[in-house]
Amino acid sequence: MGLFGAVSREVKYITSLARILKRVSKVQGDPDLLTVDQIEESVDRHADRPALMEDDTVWTYAEMDAYANRVAHWAVAQGLKPGDTVAIYMQNRIEYFPIWYGLSKVGVVGALLNNQLFGSSLAHTITIAEARHIIVDVDLQDNFESARGELKDMPTDWFACGDCPGRSFEEALEGQPDDRPARDRRAGEKAADTCLKMFTSGTTGLPKVARMTHTRVLTYMNTFAVASRSNDEDRVMMVLPLYHATGGLCGVGTAIMAGGAVIVRRRFSASSFWDEAIRYKATILMYVGELCRFLMAQDSTPKEREHQIRCAIGNGLRPDVWTRFVKRTGIEFIVEFYGATEGNVALLNVGGQPGSIGRVAPYLKSRFNIELIRHDVETSEPVRDAEGHAIVVEPDEVGEAIGEIKPGDPRYRFDGYANKEETEKKILRDVFEPGDAWFRTGDLMKRDKLGNYYFIDRIGDTYRWMAENVATSEVEEAIGVLDSVEQAVVYGVKVPGYDGRAGMAAITTGDDFDLDSLMLRLKEDLPAYARPIFLRLRTEPDTTGTFKYRKKDLKEDGFDPVKVGEPLFYLDPETGRYEPLDGPAYEAINGGNLRF
């Protein structure tokens, strides 16, 4: 790149960054600004414009607000007070966003539950949400009932969006007024208070509560509205789950903060995606990398170019898919970003560098809190020098991303989890000087000389598959319930053509071990994305002298029959059963002819 190109690149970068920082600074600089305040301002500006679309149903901003107002009055009628929590266990629905928005009007916190959870995982999440009421999608009734028996204190349940098996949420709303409740219902609430509870599996164990303050929620919602240059003519295609920050905050905010519309889809379908995008006249797409990979796995069609999508926003779009995606779809405006629901580190690719999750130009480094430090893969701890300080990596060297915690700066606060012990696990202290504190992202990255950051992998046992985090301890527990299983070691392995890692379990078994019984147990206890794709059967566990499992060696062996030398199986997507993994099957998986 010549001098002119370099100057042009930097001007574009600084201009885009300045626009975003200007908007975000206003949000973060007002200690009294609540999420609902800014949303109501948008409602008043765009009352007659479409806000939400699902199938043939369209709600204007005024209609959306009226529904949210009825939710607010319902909450008051239940005796709920500011700071109380209502859990929302629903699929993507046109009502989803207005429900938590309505609760927020009277200071009630919405807890957005993962709608793929059931059984003990769901029961755990409901428990830690500390909700007094829970609104349940009738289509999720069976999953909800699977958790009921494991709950000591069941919140009052309300069923929504269909024929009601119990208390009807819709009927309860019918008698409520649709005018806005008085603002003094949330008097005294501050921007630093909790607006939502979201959930993360973190790096170990079951889901944890992440407190989302009003400042954080508004930062998410405003950032992408500016970064995408959205306006009131835009329509955001929403196939990502609304319980997650990428879809429910970044995507919704992109539309709502600019007067645009959210196209709410129940689920993602690669085969029908372009038909739906054309039908609803989508102009912005929210993605995760795997979604784009699925689209590129489909046969090319003219419809990939007949849509009106001008911008795609999301994370996890790897370089190999990025280039093909742009070439086939014509969508050149890609806003890739990085951020954790509960974290204080955020990156945004405003320059369009393929594969980059964001850029921090060297001359602006002091304005950001991110640093990359050397990481010991064996111990999952940072490498420290003779004086006990962490070591900053060189350009193109992989390191763990950490973010400096600055309690007085809302951009760099770490509000943590509801559990103080879990919060402390994510903090590194005395990193570069005595008394400093840094948030551990748990992610490995590298950066080039221009300051472009690239995601490499997750640290520790948790792996990411099909855009979901999987905690190995939870999978090991589900497998270990079987009497015929002596030990189970679960880890992630790389599979060509897929983002993240596929689950693999090395199982030490007894004589009466049965694969079908295992599959039945996994279906009962785990969501589909958490069920291991590969199995390795063993007669003796392989441990170190201190009885730690050699998980590193297992990961290196992967699912290669030649390296493993023990019985291997793969989860056949056609039969739904574990089938022997031999040489031909191995070649088919690596060649992309056998897909999961």
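Colleague: How many salt bridges does a search of the whole structure find?
Modeller: This is a predicted model, and the total is computed over the whole structure. Side chains of opposite charge can pair when their charged atoms come close. The search finds 40 salt bridges.

Colleague: Which residue forms a salt bridge with Lys190, and how many residues apart are the two?
Modeller: The partner is Asp32, with the closest N and O atoms 2.6 Å apart. Lys190 sits in the loop between helix 7 (169-174) and strand 7 (194-200). Asp32 sits in the loop between helix 1 and helix 2 (35-45). So the pair links distant parts of the chain, and the partner asked for is Asp32, at a separation of 158 residues.

Colleague: Are Lys190 and Asp32 buried, partly exposed or exposed?
Modeller: Buried means under 20% relative accessible area, and exposed means over 50%. Lys190 is at 40%. Asp32 is at 37%. Both values fall in between, so Lys190 and Asp32 count as partly exposed.

Colleague: In the salt bridge of Arg180 with Glu40, which residue is buried?
Modeller: The closest N and O atoms of this pair are 3.8 Å apart. Arg180 lies in the loop between helix 7 and strand 7, Glu40 in helix 2, 140 residues apart. Arg180 is partly exposed at 29% relative accessibility. At 11%, the buried residue is Glu40.

Colleague: Which residues are linked with Glu40 and Arg180 in a network of salt bridges?
Modeller: The salt bridge between Arg180 and Glu40 belongs to a network. On the acidic side, the network includes Asp37, Asp44 and Asp65. The other residues linked there are Lys105, Arg183 and Arg186.

Colleague: Asp157 forms a salt bridge with Arg148; which of them counts as buried?
Modeller: Their closest N and O atoms are 2.9 Å apart. Arg148 is partly exposed, because its relative accessible area is 30%. At 7% relative accessibility, the buried one is Asp157.

Colleague: In what order do the eight strands of the open sheet run?
Modeller: Strands of a sheet pair through backbone hydrogen bonds, either parallel or antiparallel. In this sheet the pairing is mixed. Strand 2 (57-60) and strand 14 (346-348) are the edges, each pairing on one side only. The order is 2-1-10-9-11-12-13-14.

Colleague: Which residue of strand 13 is the bridge partner of Ile313?
Modeller: Strand 12 (residues 311-315) and strand 13 (residues 333-339) run parallel. Four bridges join them. The partner of Ile313 is Val335.

Colleague: At about what angle does helix 9 run to strand 9?
Modeller: Helix 9 (residues 245-256) lies across several strands, including strand 1 (50-54), strand 10 (261-264) and strand 11 (284-288). Strand 9 (235-238) is also among them. The angle to strand 9 is about 165°.

Colleague: How many of the nine residues of helix 11 are buried?
Modeller: Helix 11 (residues 289-297) is mostly covered. Its cover includes helix 10 (273-279), strand 11, strand 12 and helix 12 (319-329). Among the buried residues are Gly289, Leu291 and Met296. The count is seven of nine.

Colleague: Which residues form a nonpolar patch on the surface with Val7?
Modeller: Val7 is in helix 1 (residues 3-28). An α-helix has 3.6 residues a turn, so residues three or four places apart point the same way. Val7 is partly exposed at 44% relative accessible area. The patch has about 300 Å² of accessible area together, and the partners of Val7 are Leu3 and Val11.

Colleague: Glu130 has a positive phi although it is not a glycine; what is the value?
Modeller: Glu130 lies in the loop between helix 5 (119-129) and strand 5 (133-137). Its relative accessible area is 61%, so Glu130 is exposed. The phi is about 55°.

Colleague: Where is Asn452, and is it buried or exposed?
Modeller: Asn452 lies in strand 22 (residues 452-458). Not counting residues up to four places away in sequence, Asn452 touches Gln353, Ser356, Gly358, Arg359, Lys446 and Arg447. Its relative accessible area is 6%, so Asn452, in strand 22, is buried.

How values were computed
Residues numbered from 1 in each chain as written. Predicted model: local features only at pLDDT ≥ 70, side-chain atom pairs only at ≥ 80, totals over all residues. Heavy atoms only, no water. Pairing = 2+ DSSP bridges. Contact = heavy atoms within 4.5 Å. Axes fitted to C-alpha atoms, helices over the stretch in contact; angles between N-to-C directions. Patch = residues over 30% accessible without salt bridge, like charges linked within 9 Å, V, L, I, M, F, W, Y side chains within 5 Å. Areas by Shrake-Rupley, 256 points an atom, 1.4 Å probe, with all protein chains shown as cover. Salt bridge = Lys/Arg side-chain N within 4 Å of Asp/Glu carboxyl O. Buried < 20%, exposed > 50% of the residue type's maximum accessible area, 1.4 Å probe, protein only.
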